[in-house]
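Hi there,

Here is the structure I promised to pass on. Have a look at it first, and my notes on its charged side chains follow below.

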Amino acid sequence: MEEEIRKREEEIRKKKDKIRKVEKETMEREEEIRIREEEIRKKTEEDKIREEEIRKREEEIRKRKEEDKIREIEIRKEETKVSSLLCVELKRIVTDTVEKKIPGKCIEELLGNFQRTKYGLIVKIMEDLACKENFQSFASYLRDAKQFSLGWLATYVNEKMFFERGESGLSRYEEIARSYIGTTLRCVSESVTFATNQTQKSMPLWIDTFCDRVSAEIAVPRRSLRHVENRKVGDLKNLQKIILDQLDREVEKYLMGLFSEKTSSSPTWVNAKVPEQVLDRIWGCPENCPFCKEPCADTTKSHFSSSSRPHMCVQHRPEGVIGYAWHTGGTLGGVSVKERQLLYQSCNFLVQSSARFSCFGRECEDHGEGTKEDEPGIIWHKYTEYKTCMKGWDIAPDPTNGVSKYWMWFMVKYQKQLTERHEKELPNIPESWGSVTREDALMDLRKFHN
């Protein structure tokens, strides 16, 4: 019995031991689970921390990128602003340069139209007068050839430079302007590229290099670009690209339009009176023949005073075209003349004839050699002795009265208007003059010129 009790107790003890062992193992497993859970919790916490750090770093990177982008935009805006400021100044300088160059080119071309001679201009004017057949215009030319030539040139210049159109459909003024614009802008573009290749960091140095290089074509004062030298330019290569783009798209278009507008609506010259300059270059001597008022052909203003080279005319006019008439009737070279009858004889014929002229209305250097008539204050001279009172002139004598066909045609066509204008009698014009046509007159005029 006791043995059985002992055995059961032993079994109970063993069961308890086994239970305790199980409990211990359970506790150990629970502890392990707890430890693992703690480790998981810590790892999760660490992951969260790492995720937060990653998020923060990403946010910082995003912000830096955003800031960099903003800075890049600001830099590009500044570069665009600098380019605009430069181009505004360059537009002004190029405009001034082209406006100053155009007159010189126009003057040279216009001078070429007149073969760079005074008589070439006179021939053009006389051709135009003959074609238009307006007596009042003739009268204005005969009264003051130089002053008339200036007004005629003003019209001629505008027609040739502004209103006539070439094969391009443009006026000559616009063609010249476009040529200068193209040449000048090419130099500007090349200078921008050159300056950028030479220096890619310093804006002041870039300006120095650009101004020096572009001076081959135009003068760009450094002070005119001073307002941009301290601007922040991050990339001169990009500035170059922007400038070249603006020059190509905006500046050239602006300049072409500007000079096109001048051509179509306001044909004016800037700081250069082209008609006056053309006339001044070829007119030369301001003297006119004291008898027929034909301009001296010499293109040197002071040729007589400086070298004693006398005044001469390519062809003298019949004196009647400016209103000179016979003071008394009589006979000259076998031809009868009447009082107050307009002269059809030229100066060349008269200086070898027996005719006389009065000093009235003429510049006379020697009144003392004249013959006084009844009219008080009027002194008469022999034509053959004209050099005694008009010493600066040399008029070749011509006994045939070889008047140019141009003035033959003129006197026949306008003899009535001449008599009415000057209140004189009709001239006794040779019958042969009546057969001279305008075409004959123009052909003879050109023969004299050539």
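Is lysine 447 buried or exposed? Lysine 447 has a relative accessible area of 56%, so it is exposed, as that value lies over 50%. Please keep in mind that this is a predicted model.

The partner of lysine 447 is aspartate 444: their side chains form a salt bridge, with 3.0 Å from N to O. Aspartate 444 has a relative accessibility of 9% and counts as buried. Both residues belong to helix 13 (residues 438-449), where they sit three residues apart, so about one helical turn separates them.

Helix 5 (residues 172-198) holds another pair with that kind of spacing: arginine 172 and glutamate 175 are three residues apart, or about one helical turn. They form a salt bridge whose closest N and O atoms are 3.0 Å apart. Arginine 172 is partly exposed at 27% relative accessibility, and glutamate 175 is partly exposed too, at 23%.

Then there is the salt bridge between arginine 249 and glutamate 250, at 3.6 Å from N to O. Arginine 249 has a relative accessible area of 46%, which makes it partly exposed. Glutamate 250, at 41%, is also partly exposed.

You may also like to look at Glu10, Arg13, Asp17 and Arg20, which salt bridges link into a network. Over the whole structure, the search finds 33 salt bridges. As a general reminder, side chains of opposite charge can pair when their charged atoms come close.

Happy browsing, and all the best!

Terms used: Residues numbered from 1 in each chain as written. Predicted model: local features only at pLDDT ≥ 70, side-chain atom pairs only at ≥ 80, totals over all residues. Heavy atoms only, no water. Salt bridge = Lys/Arg side-chain N within 4 Å of Asp/Glu carboxyl O. Helix = DSSP H or I, 4+ residues; strand = E, 2+ residues; numbered from the N terminus. Buried < 20%, exposed > 50% of the residue type's maximum accessible area, 1.4 Å probe, protein only.
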